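Work through the exercises below with the model open beside you. Try each task before reading its solution.

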Amino acid sequence: MGGRLIVLLTASFLLLLQTTAENGGSSGRDGGDFIGNYGKLSGIIIPGFASTQLRAWSILDCPFSPLDFNPLDLVWLDSTKLLSAVNCWLKCMLLDPYDQTDHPQCKSRPDSGLSAITEIDPGYITGPLSSVWKDWVKWCIEFGIEANAIIAVPYDWRLSPSKLEERDLYFHKLKLTFETALKLRGGPCIVFAHSMGNNVFRYFLEWLKLEIAPKQYIAWLDEHIHAFFAVGAPLLGSIETIKATLSGYTFGLPVSEGTARLMFNSFGSSIWMMPFSKHCRTENAYSKHLSGGSKKAQFAYVCDEHEFQSNFSGWPTNIVNIEIPTIRGNEAHPSLLEVAQANKTDTECGYPTQLSFSAREVSDGTFFKAIADYDPDSKRLMYQLDKSYHGDPVLNPLTPWDRPPLKNIFCIYGIDSKTEVGYYFAPSGKPYPDNWIVTDVIYEIEGSLYSRSGNLVEGNPGAASGDETVPYHSLSWCKSWLGSKVNITRAPQSEHDGSDVQVQLNVEREPEMDIIPDMKRSPRVKYITYYEDSESLPGKRTAVWELDKANHRNIVRSSVLMRELWLEMWHDTHPDKTSKFVTKATRGPLRDEDCYWDYGKARCALPETCEYRYLFGDVHLGQSCRLKNSSADLLLHYV
């Protein structure tokens with residue numbers, strides 16, 4: 001707990017909620033206001049890929065191992081069984097790559113509740129290493145959020161979106177979760193989605209269009225969803241998916257890359273985060289449904305003229321560069337000949353052919369068709385791509401996401417970390433699944449492209465780099481959701497007095513162009529840059545937050561992010577707020593943990609709000625720095 005001030009803050013917050021309810025809700029000055037009792041809001045958490053525990057739903061005897069799998073035993077992730085009985089563990093993880101059914105000897109299902117997403121591999125050592133949402137939930141508890149106000153909606157992250165509904169009725173259950181939360185709490189929900197959880201939520205919104213009457217769709221969203229916080233959203237896909245597909249990605253587990261590849265490619269979700277072009281779309285399934293079209297019909301994949309005028313489908317560089325054996329007569333696949341004519345870089349007899357593929361050529365299947373003669377997984381991947389993505393009756397997820405019709409949207413991601421944006425592959429000479437090796441990697445680093453050896457690479461780098469997992473080009477797509485004019489504020493992530501805050505007002509947002517602020521940076525300071533609507537759609541608010549050096553996985557554990565979320569919600573609840581968004585003028589500590597010792601001045605830092613107060617058990621000076629008891633009105637600075 002953060003000490004006595006936390007109790008005071010919580011009490012004042014609850015008192016404010018009661019006052020807000022008695023006054024009939026918020027003041028209604030700005031778009032996206034909620035009329036009602038903010039004390040009745042609920043939070044729904046949609047975790048990302050591999051961020052939900054999976055438990056066994058079978059009895060599996062493991063030969064040569066004392067550890068067997070019994071019903072409800074942890075599968076993802078039980079590192080002990082992974083190490084001692086890897087073959088048994090794989091049987092419980094693998095799915096049939098064509099119909100997504102379980103292994104005949106073992107099946108796994110997602111766990112439920114908050115415990116399913118807080119720590120993936122609980123334990124004294126493994127727990128902290130696999131912690132995902134634990135710190136987030138801890139913050140909610142510290143600030144007095146009721147237990148029934150935080151709802152986790154885990155899912156089987158191995159499945160394609162259509163299979164989630166077909167096998168588990170996941171989207172029906174998610175709809176019931178929103179409706180139950182409204183009935184139980186009396187107010188709408190705040191949706192927190194991380195990584196692939198954003199893709200899941202997008203599919204739910206499109207699925208919902210086909211489930212309820214068209215005239216009731218927007219009304220349902222307004223009634224059940226107050227705000228959507230999209231954290232680390234791969235809005236145009238992630239490049240690392242290509243590496244996981246061709247050579248394997250171990251997630252830090254003690255398995256070989258070949259084993260990781262075999263497992264990953266058995267999942268229908270392996271394609272869900274493939275990179276794709278922002279210029280290519282399919283026919284709107286909702287419009288086709290209203291016009292009486294068949295739900296089973298294929299939707300044409302169409303690209304506009306910008307796709308063929310721009311380099312690399314708008315991405316920084318080609319996604320895949322791959323060497324294949326030299327083509328000999330009629331042995332090659334027909335589609336390979338066509339691609340090779342356009343991409344061949346070395347035509348000398350006996351030398352391998354290098355082919356390059358853009359994001360569009362990955363997402364439309366051209367890449368997998370080109371290597372079909374050289375990789376046994378290509379046939380399975382093309383089948384899943386056509387059936388579960390291009391042929392999905394609700395939505396082709398490999399198309400750009402327009403702004404959802406929600407009242408309040410906050411898109412949050414990390415920037416300026418070294419992030420992979422392209423790969424070079426070559427045959428390894430080994431059998432499947434180890435038949436490809438990565439020969440080079442292209443990284444984006446703070447606005448430049450470099451190879452693995454450190455050489456500068458030509459291309460289309462963005463104004464910043466990504467979050468170590470998702471490139472900036474994909475993360476920043478939500479800037480296109482902002483209004484025609486944008487207010488930009490850059491402030492230090494740490495507590496500050498406002499002296500290093502920079503503001504630009506009413507910046508024009510050009511279509512198809514990134515918004516690049518004309519602001520200075522101190523090399524020793526990590527900033528958070530806020531892009532907020534100055535002019536927006538009536539009744540809507542959109543904001544984009546860029547956090548310097550915030551890692552994709554760890555961003556949900558960031559105290560800076562949790563502080564900003566809390567202050568934004570505090571601002572929204574206040575009946576006397578005078579602006580659309582919380583002020584960025586200053587940031588002070590909210591918890592005892594936010595106070596620290598300033599060794600240069602030999603006192604607690606931030607003396608206006610923190611003081612030295614030793615309590616028994618403190619082991620260093622920083623622990624004895626605590627919030628002043630006179631700071632109960634601290635939050636009033638953020639109205």
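The exercises cover charged pairs, aromatic rings and strands.

This is a predicted model, in which local features need pLDDT of at least 70 and side-chain atom pairs count only at pLDDT 80 or more, while totals for chains, interfaces and linings use all residues. Residues are numbered from 1 along each chain as its sequence is written, and side-chain values use heavy atoms, with hydrogens and water left out.

**Exercise 1. Salt bridges within a helix**

Task: Find the salt bridge between Lys163 and Glu166 and place both residues.

Solution:
- Start with the rule: a salt bridge is a side-chain nitrogen of Lys or Arg within 4 Å of a carboxyl oxygen of Asp or Glu.
- Side chains of opposite charge can pair when their charged atoms come close.
- Apply the rule: Lys163 and Glu166 meet at 3.0 Å, N to O.
- Place the pair: both residues lie in helix α7 (residues 161-168), 3 residues apart, about one turn of the helix. Helices (H or I, at least four residues) and strands (E, at least two) are DSSP runs, numbered from the N terminus.
- Check the surroundings: buried means under 20% relative accessible area, exposed over 50%, and partly exposed in between (1.4 Å probe, protein chains only).
- Lys163 is buried at 15%, whereas Glu166 is exposed at 57%.

Task: Do the same for Asp377 and Arg380.

Solution:
- The closest N and O atoms of this salt bridge are 2.1 Å apart.
- Both residues lie in helix α18 (residues 377-390), 3 residues apart, about one turn of the helix.
- Asp377 is buried, with a relative accessible area of 1%. Arg380 is partly exposed, at 22%.

**Exercise 2. A salt bridge between strands**

Task: Which strands hold Glu508 and Lys485?

Solution:
- The side chains of Glu508 and Lys485 meet in a salt bridge of 4.0 Å, N to O.
- Glu508 lies in strand β17 (residues 502-508) and Lys485 in strand β16 (residues 485-492), so the pair ties together parts that are 23 residues apart in sequence.
- Glu508 is partly exposed at 48% relative accessible area, and Lys485 is partly exposed at 25%.
- Salt bridges that share partners also join Asp156, Arg158, Arg167 and Asp168 into one network.
- The structure holds 31 salt bridges.

**Exercise 3. Aromatic rings**

Task: How many aromatic pairs are there? Classify Trp133 with Trp136, then Phe178 with Phe204.

Solution:
- Rings of Phe, Tyr and Trp (its six-membered ring) pair if their centres lie within 6.5 Å; planes under 30 degrees apart count as stacked, over 60 as edge-to-face and the rest as tilted.
- The count comes to 33 aromatic pairs.
- Trp133 and Trp136 are edge-to-face, at 5.0 Å centre to centre and 70° between the planes. Both Trp133 and Trp136 are buried.
- Phe178 and Phe204 are stacked, at 5.6 Å centre to centre and 20° between the planes.
- Phe178 lies in helix α8 (residues 170-185) and Phe204 in helix α9 (residues 196-209), so this pair ties together parts that are 26 residues apart in sequence.
- Phe178 is buried at 0% relative accessibility, and Phe204 is buried at 0%.
- Phe178 and Phe204 belong to one aromatic cluster, whose members include Tyr155, Trp220 and Trp481.

**Exercise 4. Strand β19**

Task: Is strand β19 mostly covered or uncovered? Name its partners.

Solution:
- Strand β19 (residues 541-548) is mostly covered, with 8 of its 8 residues buried.
- Check each face: Arg541, Ala543, Trp545 and Leu547 are buried on one side, and Thr542, Val544, Glu546 and Asp548 on the other.
- Two strands pair if DSSP finds at least two bridges between them.
- Strand β12 (residues 408-415) pairs with β19 in the parallel sense over 8 bridges. Tyr413 stands opposite Glu546 in β19.
- Strand β18 (residues 527-535) pairs with β19 in the antiparallel sense over 5 bridges. Glu532 has Ala543 in β19 as its bridge partner.
- β18 and β19 form a hairpin with 5 residues between them, and Gly539 in the turn has a positive phi of about 80°.

**Exercise 5. An open sheet**

Task: Which strands stand at the edges of the open sheet of 5 strands?

Solution:
- Read the order: β11-β10-β13-β14-β15, with mixed pairing.
- β11 (353-357) and β15 (448-451) stand at the edges, each with a single partner strand, so one side of each is left without a neighbour in the sheet.
- Strands β13 (residues 419-427) and β14 (residues 436-445) run antiparallel and are joined by 8 bridges. Gly422 stands opposite Ile442 in β14.
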